[in-house]
Amino acid sequence: MQQGTLMRKVKSKSWKKQRYFKLQDDCMTIWYQSKRTGKIESAFSISDVETVREGHQSEVLQSLAEEFPPERCFTIVFYGRRGNLDLIAGSAEEAQCWVQGLRQLIEPRSFPLTSAPVSCTWIRDWFQKADKNKDGRMNFKEVQRLLKMMNVDMNEDHALRLFQAADKSESGTLEGEEFVLFYKALTQREEVLSLFQDFSEDGKKLTLLELVDFLRQEQLEDEGTEELAMELIDKYEPSETARARHALSADGFLMYLCSPEGSIFNPRHRVLWQDMSQPLCHYFISSSHNTYLIEDQIRGQSSIEGYIRALKRGCRCLEVDCWDGPNGEPMVYHGHTFTSKIPFREVVNTLGKDSRVEASYPIPSSVLQGAGGAGPQQCGVPGDSRSHGGDGHPRVPTSPSTTPQELKHKILLKGKKIGRLEDMLDGPGDEVPDVSDDDNGAEAEEERRRVKVAGTKHIFALQKDKESLVQALSDCVVYCKSVSFRGFQEARSHSRPSEISSLAEAKARKLIRDAGNEFVRHNAWQLTRIYPSGMRTDSSNYSPQEMWNVGCQIVALNFQTAGTEMDLCDGLFSQNGRCGYVLKPPFMRDEETLFNPSDPNSREGPGPITLTIQVISGQQLPKVANSKDGAIIDPLVRVEIHGVPADQARQETKYIENNGFNPRWDETLQFQLHVPELALVRFVVEDYDKTSRNDFVGQFTLAFANIKPGYRHIHLLSKDGTSIPPSSLFVHIRITE
């Protein structure tokens with residue numbers, strides 16, 4: 001990689017240009033230049049790379065599948081809204097060299113500051129950005145300018161003293177390693193040192209017994225505490241001498257607190273920890289709306305990238321809207337609008353590759369058949385599905401209450417159905433087959449209103465012809481037969497657990513308001529899907545929390561739109577191994593439950609609990625996007641509780657002027673939770689503004705059930721849910737009944 005490699009950069013089927021790619025000596029920057037002109041076109045930092053995908057895992061590379069084998073193709077995916085970089089190497093060996101090399105370079109950043117080398121890498125990355133003349137040295141003025149870039153507003157005399165102490169060569173400049181020393185002196189954590197000294201008799205180290213005391217008294221670790229203490233020393237103590245003596249230094253103590261074990265998120269809940277052998281209707285399922293869209297609902301781009309991103313994000317319920325296309329090939333796009341189109345075959349190919357690699361648990365796919373797709377093109381849908389899905393399609397139901405465990409590695413189709421699912425087990429009868437009603441009519445009406453709102457002159461009608469459904473497509477629907485919702489009593493009398501109803505957000509809200517308990521009972525034995533209003537042409541989202549409060553399993557959101565709603569979705573599904581399934585609380589799985597979210601006293605169990613959060617400090621908070629150079633943020637922290645109406649609350653700290661680097665709040669916020677099993681806690685950092693709305697800085701959201709008490713770090717995420725190392729908050733959590 002450092003020697004350089006000639007590869008093709010591709011943007012489309014016709015745009016394929018040769019570029020020379022080279023990893024710089026700092027192992028943190030990659031630049032590439034035109035083969036023809038020799039001019040350096042662009043450069044990017046390793047810290048900007050989110051992941052690397054092998055093979056034809058982008059729309060552009062899939063279109064070139066016949067021309068270039070997958071072994072030579074790979075895609076570099078960047079954080080934020082920067083477009084992907086699709087590359088074709090000269091050989092499979094060269095492609096592997098770059099894929100594996102890039103993965104090794106980006107891997108250590110997953111938990112910053114857990115080891116000295118990771119922290120140093122991040123510091124040197126900043127050094128490279130500020131070292132304009134690339135001589136590897138920085139004078140005091142350059143260092144001052146860099147501090148402002150890093151969100152540090154520091155007294156000049158103090159900064160000069162630290163600078164001189166780090167200038168070991170007394171040259172008046174700092175070289176790379178000297179700058180690391182300067183930075184570490186700058187980031188001395190007084191609040192952590194004070195905590196360390198509270199438990200350390202000599203103030204220099206924690207003995208094994210002193211660490212055990214800290215873990216029991218403050219972190220509330222009550223099982224295998226001595227073994228845990230030994231593990232933490234072995235893992236995070238940088239000094240071999242201290243490790244040999246079973247002691248933890250102040251540096252090792254900080255590394256532990258910044259590690260996954262010191263995170264607010266219970267590490268035992270990061271892995272698969274819930275029972276996966278219950279009926280599908282007993283789980284919340286991560287679900288997307290119009291998955292193929294990566295922009296708005298009217299003129300936005302349709303792309304398989306939407307499916308790739310959703311699957312990578314843990315989504316398990318996808319939407320595929322099929323319509324007649326040219327040359328007898330079905331197309332996927334948002335019907336009755338001006339969105340672009342993608343071949344159905346490409347979508348199924350993507351699901352066939354991604355679903356088995358990324359997901360062990362089933363992927364329910366909502367297939368909407370558009371008008372006019374009555375004949376051969378509908379027949380092509382199951383053909384494509386089977387040819388690309390292989391044994392991913394279960395053919396016959398095993399039971400009416402099939403579980404995620406039994407359906408591992410399967411793709412389930414939700415859609416219209418000829419006759420009853422039970423007939424597939426009993427064999428065909430003498431009756432004339434009937435076609436199930438579904439929600440397509442309601443969604444079509446939403447789409448017609450959507451087109452009107454967009455100001456276009458064309459209003460399309462969706463024909464709903466019961467004879468238009470072909471048997472081959474019907475046979476693919478095995479577990480999720482779509483049926484119209486005609487009331488809870490009707491559903492209880494005539495519907496089956498293998499059926500699913502779809503409701504627009506407004507109708508769902510009315511049912512929650514009028515019959516909350518009945519809705520919870522209904523969702524204890526049957527699946528319900530909620531979708532956004534057709535008026536949301538900008539791909540905005542509704543709050544999923546009110547739908548989860550009544551146990552709705554498939555709450556479909558526009559994954560392409562960042563905001564509080566997607567933060568809640570990511571927060572709920574970041575647990576349980578990110579498998580996309582979260583088991584509902586016991587009182588929401590009981591068909592005779594008395595629970596109603598509007599009356600928290602209807603929940604059986606202990607009384608309300610108190611959540612006390614001391615917001616202590618922040619570390620290296622990012623600058624606000626598009627802020628003026630040199631503008632230092634004035635950060636405040638807001639804590640939000642999202643849950644049943646009685647639990648909804650928010651409180652915030654005061655703002656700290658001109659300090660995004662190491663702000664100190666030391667403020668205590670307190671909340672009472674009546675139904676903690678449904679509560680999500682969202683930590684938001686904002687830049688205070690007296691004259692206008694505060695600017696977003698970072699956030700982290702998690703289910704209350706996943707919170708670890710004690711002194712914890714919260715590793716912040718950006719607006720679109722990606723990590724922004726090493727930005728964090730330091731808090732103390734106490735939970736009391």
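Two rings of Phe, Tyr or Trp count as an aromatic pair when their centres lie within 6.5 Å. Keep that cut-off in mind, since a search of the whole structure, which is a predicted model, turns up 18 aromatic pairs.

**Stop 1: two phenylalanine pairs**

Start by selecting F196 and F253. Their rings form a tilted pair, with 5.6 Å from centre to centre and 55° between the planes. Colour the helices and you will find F196 in helix 7 (residues 190–199) and F253 in helix 11 (residues 250–257), so this pair ties together parts that are 57 residues apart in sequence. Both F196 and F253 are buried, so hide any surface before you look, given that the label buried is kept for residues under 20% relative accessible area.

Now add F199 and F214 to the selection: with F196 and F253 they make up one aromatic cluster.

Next, go to F587 and F595. This pair is tilted too, with 4.8 Å between the centres and 55° between the planes. F587 is buried at 11% relative accessible area, and F595 is buried at 0%.

**Stop 2: charges over rings**

Which ring does R189 lie over? Select F730 to see: R189 is over its face, at 5.4 Å from the ring centre. For another example, bring up K341 and Y333. Here the lysine, K341, lies over the face of Y333, at 4.6 Å from the ring centre.

**Stop 3: a helix crossing**

Show helix 4 (residues 140–149) together with helix 5 (residues 156–166). Their axes come within 11 Å and cross at roughly 120°, and the crossing is right-handed. To see where the two meet, turn on side chains for F140, V143 and Q144 in helix 4, then for E156, A159, L160 and F163 in helix 5. As you look along them, recall that an α-helix has 3.6 residues a turn, so residues three or four places apart point the same way.

**Stop 4: an enclosed helix and the loop after it**

Move on to helix 21 (564–573). How many of its 10 residues are buried? The count is 8, so helix 21 is largely enclosed by the rest of the structure. Select M566, D567, L568, C569, D570, G571, L572 and F573 to display the buried ones.

Follow the chain into the loop between helix 21 and strand 22 (581–583), where R578 sits. Its phi is near 50°, a positive value in a residue other than glycine. That is worth a pause, because most residues other than glycine have a negative phi. R578 is partly exposed, at 45% relative accessible area.

**Stop 5: another positive phi**

Select N658 in the loop between strand 25 (649–652) and strand 26 (664–673). Phi of N658 is also positive, near 50°, and this residue is again not a glycine. With 34% relative accessibility, N658 counts as partly exposed.

**Last stop: the whole protein**

Zoom out and show everything as a cartoon. You should be able to trace 21 helices and 30 strands. Of the 737 residues in the protein, 56% are buried. If you draw the contacts with a separation of 6 or more, 68% of them join residues 24 or more positions apart. Finally, switch the surface back on: the protein exposes about 31900 Å², and carbon and sulfur atoms supply 48% of that area.

Notes. Residues are numbered from 1 along each chain as its sequence is written. This is a predicted model: local features need pLDDT of at least 70, side-chain atom pairs count only at pLDDT 80 or more; totals for chains, interfaces and linings use all residues. Side-chain values use heavy atoms; hydrogens and water are left out. Rings of Phe, Tyr and Trp (its six-membered ring) pair if their centres lie within 6.5 Å; planes under 30 degrees apart count as stacked, over 60 as edge-to-face and the rest as tilted. Helices (H or I, at least four residues) and strands (E, at least two) are DSSP runs, numbered from the N terminus. Buried means under 20% relative accessible area, exposed over 50%, partly exposed in between (1.4 Å probe, protein chains only). A charge sits over a ring if NZ of Lys or CZ of Arg is within 6 Å of the ring centre and within 35 degrees of the ring normal. Contact means heavy atoms within 4.5 Å. Accessible areas come from the Shrake-Rupley method with a 1.4 Å probe; for residues, only the protein chains shown count as cover. Axes are lines fitted to C-alpha atoms, for helices over the stretch in contact, and angles run from 0 to 180 degrees between N-to-C directions. A crossing is left-handed if the near helix is turned anticlockwise from the far one by less than a right angle, and right-handed if clockwise.
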